[in-house]
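User: I am a first-year student, and I would like a close look at one part of this protein and at how that part fits in with the rest. Please take me through it slowly.

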Amino acid sequence: MCDLVARTGRHQQRYEDGRRLVAGCIPFRYRANNDETSGDKTKKLVEVLMINSQSGPGLLFPKGGWENDETVEEAAAREAIEEAGVRGDIVHFLGLYDFKSKTHQDACCPEGMCRAAVFALHVKEELASWPEQSTRQRTWLTVPEAASSCRYQWMQEALLTGFSDWHDKWSRGGGGTNCDPA
């Protein structure tokens, strides 16, 4: 049983210019590269964490409503705990991504338009229990595997243009974060 409780309802939800504001993250970790064909066995392989969708096929990154009593970074970290059962450090803002929600249309946003602020989250802890564990399974994937498994095009874009571009730059020494791939 999980002691944490997921937030529900829309009474504290943020909206701007007819869009529901959401926060999400691409959780990542490093594991040893055991590729026998690679000449560099000391290099670490980056993996990202995805969760199943509750409404159809394909995988997602944790995301959800950004509420009035929290920063966007706090909202992204909260969603990672609630939906994927991971804690870590928000290390980089990856960008803003607009999309249309088919399931979340309301009086403040009748068209279902959303704007997601997405962050890279370096995972430090995987929880044994979390609020949505009965409906969510988590899966660690390489970036190419994750890109081909994304349910939504905007999440694939966040992974390939936001996360991968940032991570490639950072791993060459130009990203300025506190996570260590070694």
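In what order do the elements of the protein run from the N terminus on, and what does helix 3 give to the largest nonpolar core?

Analyst: Please keep in mind that this is a predicted model. From the N terminus on, the elements follow the order β-β-β-β-β-α-β-β-β-α-α, which amounts to 3 helices and 8 strands. Of the 182 residues in the protein, 46% are buried, and among the contacts with a separation of 6 or more, 70% are between residues 24 or more positions apart.

The part to look at closely is helix 3, which covers residues 153-174. The largest nonpolar core has 39 residues, and helix 3 gives the most to this core, with 7 residues. The members that touch the most other members are Ile 26, Phe 28, Val 48, Leu 159 and Phe 163. If we set aside the neighbours of Phe 163 within four places in sequence, Phe 163 is in contact with Ile 26, Phe 28, Val 46, Val 48, Leu 94, Ala 120, Val 143 and Ala 158. Apart from this core there is a second, separate one of 8 residues, including Leu 21, Ala 23, Ala 75 and Ala 117.

The aromatic residues can be taken next. The structure holds 9 aromatic pairs, and one of the pairs is made by Phe 28 and Trp 166, whose ring centres are 5.8 Å apart and whose planes stand at 70°, so the pair counts as edge-to-face, a label that needs an angle over 60 degrees. Because Phe 28 belongs to strand 2 (residues 19-32) and Trp 166 to helix 3, the pair ties together parts that are 138 residues apart in sequence. Phe 28 and Trp 166 are both buried, and they belong to one aromatic cluster together with Tyr 30, Phe 163 and Trp 170.

Helix 3 also takes part in lining a pocket, the second largest one, which holds about 280 Å³ of space. Its lining consists of 13 residues, and those that lie nearest the centre of the pocket are Lys 43, Lys 44, Val 46, His 167 and Ser 171. Two elements, strand 3 (44-52) and helix 3, each give two or more residues to this lining, and helix 3 gives the most, with 5 residues. Sorted by class, the lining has 6 nonpolar, 4 polar and 3 charged residues. Val 46 is thus named twice in this account, since Val 46 is in contact with Phe 163 and is also listed among the lining residues nearest the pocket's centre.

Definitions and conventions: Residues numbered from 1 in each chain as written. Predicted model: local features only at pLDDT ≥ 70, side-chain atom pairs only at ≥ 80, totals over all residues. Heavy atoms only, no water. Core = buried A, V, L, I, M, F, W, Y, C linked by side-chain atoms within 4.5 Å. Buried < 20%, exposed > 50% of the residue type's maximum accessible area, 1.4 Å probe, protein only. Helix = DSSP H or I, 4+ residues; strand = E, 2+ residues; numbered from the N terminus. Contact = heavy atoms within 4.5 Å. Phe/Tyr/Trp six-rings, centres within 6.5 Å; stacked < 30°, edge-to-face > 60°. 1 Å grid on protein atoms, 1.4 Å probe; cavity = no way out; pocket = protein on both sides within 12 Å on 5 of 7 lines; lining within 4 Å. Points joined across faces, edges and corners; volume = space filled by probe spheres on them. Nonpolar A, V, L, I, M, F, W, Y, C, P; charged D, E, K, R; others polar.
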